[in-house]
Amino acid sequence: MEKNQKINCTVGSCKYNDVGRQECKLEQIIVTPVVGCDTKQADESMCSSYKCENGK
């Protein structure tokens, strides 16, 4: 992998999202499986590094 890999993100409510650039400000994220989901599609995983911008 590239050393300068970018994580693109369009989740505007996440405190780590640079909305103007649609990029995650974290150097790395944790991706976890969704329990009980076996669709073989993108909804089987989620970003566990998400934090609500409002801290809630």
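## A tour of the pocket, the salt bridges and the cysteines

The largest pocket has a volume of about 180 Å³. The model on screen is a predicted one.

**Stop 1: the pocket.** To display its lining, select I7, N8, C9, V11, C14, Y16, C24, L26, I29, C47, S49 and Y50. Colour this selection by residue type: 10 of the lining residues are nonpolar, 2 are polar and none is charged. Keep C24 and C47 in mind, since both belong to this lining and the tour comes back to them.

**Stop 2: the salt bridges.** Side chains of opposite charge can pair when their charged atoms come close. How many salt bridges does the structure hold? There are 3.

Select E23 and K6 to find one of them, with a distance of 3.7 Å from N to O. E23 belongs to strand β2 (residues 23-24), whereas K6 sits in the segment before β1 (17-18), so this pair ties together parts that are 17 residues apart in sequence. Switch on a surface and compare the partners. E23 counts as buried because its relative accessibility is 16%, under the 20% limit. K6 has a relative accessibility of 52% and therefore counts as exposed.

Keep E23 selected and add R21. These two side chains also meet in a salt bridge, at 3.9 Å from N to O. R21, at 54% relative accessibility, is exposed. With K6, R21 and E23 shown as sticks, you are looking at a network of salt bridges.

Now move to D38 and K40. Their side chains form a salt bridge with an N to O distance of 2.6 Å. Are D38 and K40 buried or exposed? Both residues are exposed.

**Stop 3: the cysteines.** Select the cysteine sulfur atoms and look for pairs. How many disulfides are there? The count is 0. C37 takes part in no disulfide, and the nearest cysteine sulfur to it, that of C47, is 16 Å away.

Next, centre the view on C47. Why does C47 have no bond to the sulfur of C24? The sulfur of C24 is the closest cysteine sulfur to that of C47, but the two are 6.3 Å apart, which is too far for a bond; a disulfide needs the sulfur atoms within 2.5 Å. Turn the surface on again: C47 is partly exposed, with a relative accessible area of 35%.

To finish, show the pocket lining once more. C24 and C47 are among the residues that line the largest pocket, as are C9 and C14.

Notes: Residues are numbered from 1 along each chain as its sequence is written. This is a predicted model: local features need pLDDT of at least 70, side-chain atom pairs count only at pLDDT 80 or more; totals for chains, interfaces and linings use all residues. Side-chain values use heavy atoms; hydrogens and water are left out. Buried means under 20% relative accessible area, exposed over 50%, partly exposed in between (1.4 Å probe, protein chains only). On a 1 Å grid over the protein atoms alone, a cavity is a set of points where a 1.4 Å probe fits but cannot get out, and a pocket is an open set with protein on both sides within 12 Å along at least five of seven lines; lining residues have an atom within 4 Å of a point. Grid points are joined across faces, edges and corners, and a volume is the space filled by probe spheres set on the points. Ala, Val, Leu, Ile, Met, Phe, Trp, Tyr, Cys and Pro count as nonpolar, Asp, Glu, Lys and Arg as charged, and the others, Gly among them, as polar. A salt bridge is a side-chain nitrogen of Lys or Arg within 4 Å of a carboxyl oxygen of Asp or Glu. Helices (H or I, at least four residues) and strands (E, at least two) are DSSP runs, numbered from the N terminus.
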